[in-house]
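Q: I'd like to take a close look at one part of this model. Could you walk me through it slowly, as I'm new to this?
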Amino acid sequence: MDLVAEGAVRLGIPLTEQQRTQFQHYFELLVEWNQRINLTAIEDLEGVQTKHFLDSIVGLLLIAEELKTSVPPSIVLNAIDVGSGAGFPGIPLKIVWPSLRLTLLDGTGKKVTFLKEVVQALNLADVDVVQGRAEEFALQTAYREQFDLVMARAVARLNTLVEYLLPFVRQGGFVMAYKGPSASAEFIEAQKAIAKLGGETSRFAPVSVPFLTEERRILLIKKTNRTPQAYPRQRGLPRKDPL
Ligand code: SAM
């Protein structure tokens with residue numbers, strides 16, 4: 001785990017020996033399970049450390065900056081990673097930010113089984129893993145407007161994604177969407193949806209991930225108003241007919 005350790009130092013988040021071991025164990029489980037179920041196209045040691053682990057943990061800096069707190073934040077936040085897949089960005093963030101209370105949600109049963117295995121093997125406390133669609137979970141009272149931080153990476157175009165994510169956020173909380181090179185076009189396209197769902201853009205920042213040259217952006221949206229009850233619309237509609 002040399003790259004993730006060195007990258008974390010560059011980000012100002014030096015890893016403990018235990019965190020290094022957790023990343024190593026996570027890598028091994030990812031490669032092992034990837035032979036049986038389709039978790040990720042990236043499974044080489046360098047790629048996983050940079051494109052998955054470091055790419056995920058950069059979000060911590062933005063949140064800490066936004067909340068004007070230490071790295072990792074000293075306050076306890078209630079977070080959900082929507083469409084977590086093989087656990088990104090949620091699990092790497094949890095490793096470097098142990099006080100985070102985290103829910104991992106994914107629609108695919110096999111991925112949820114993998115996530116449960118990782119949570120147990122890495123001995124991660126305060127992590128729930130649940131299977132289901134974002135559109136349906138966000139209507140349940142235990143999930144609707146209950147989270148301080150709602151994150152996602154590589155789940156949908158922004159105008160669809162915000163309809164999945166903003167209903168989970170409590171007023172005053174944040175959406176954190178990890179995006180690649182198409183971010184600017186998607187951002188313009190999503191303006192109407194963000195406003196309709198009660199959000200206001202806090203920052204749309206280029207982020208540099210150690211050892212990566214590709215363009216990355218993280219969009220932080222603050223929830224300023226409650227999301228109207230009509231959203232999210234029923235399963236499939238946010239993608240088929242974005243706001
Ligand atoms: N976030 C991970 C990452 O960055 O590697 C996984 C990305 S993968 C391309 C997209 C994941 O989102 C899949 O695991 C899929 O099952 C899940 N997903 C897509 N739409 C969803 C929805 N509406 N509700 C729940 N999960 C969803």
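How many residues surround the ligand, and which are the closest?

A: First, a heads-up: this is a predicted model, where local features need pLDDT of at least 70, side-chain atom pairs count only at pLDDT 80 or more, and totals for chains, interfaces and linings use all residues. Residues are numbered from 1 along each chain as its sequence is written, and side-chain values use heavy atoms, leaving out hydrogens and water.

Now for the ligand: 17 residues surround it, meaning that each has a heavy atom within 4 Å of it. Gly-83, Phe-88, Asp-106, Ala-134 and Arg-153 are the closest.

Let's zoom in on some atom pairs, looking for N or O atoms within 3.5 Å of each other. The backbone of Ala-134 has a polar atom 2.9 Å from a nitrogen atom of the ligand. At Gly-107, a backbone N or O atom sits 3.2 Å from a ligand nitrogen. Lys-111 uses its side chain instead: an N or O atom there is 3.1 Å from an oxygen atom of the ligand. On its own, the ligand has 600 Å² of accessible area, and the protein covers 81% of that (Shrake-Rupley method, 1.4 Å probe).

Arg-153, one of those closest residues, also leads us to the salt bridges (a side-chain nitrogen of Lys or Arg within 4 Å of a carboxyl oxygen of Asp or Glu). One of them pairs Arg-216 with Asp-55, with 2.6 Å between the closest N and O atoms. Arg-216 belongs to strand S7 (residues 216-223) and Asp-55 to helix H3 (residues 45-67), so this pair ties together parts that are 161 residues apart in sequence. (Helices and strands are DSSP runs of type H or I with at least four residues, or E with at least two, numbered from the N terminus.) Arg-216 is buried at 16% relative accessibility, and Asp-55 is buried too, at 3%. (Under 20% relative accessible area is buried, over 50% exposed, and in between partly exposed, using a 1.4 Å probe and protein chains only.) Shared salt-bridge partners join Asp-55, Arg-153, Glu-214 and Arg-216 into one network.

For contrast, try Arg-10 and Glu-6, which form a salt bridge at 3.2 Å. They're four residues apart in helix H1 (residues 2-11), so about one helical turn separates them. Arg-10 is exposed at 52%, while Glu-6 is partly exposed at 38%. In total, the model has 18 salt bridges.

Notes:
Polar contact = N/O pair within 3.5 Å; in protein donor to acceptor, adjacent residues only side chain to side chain.
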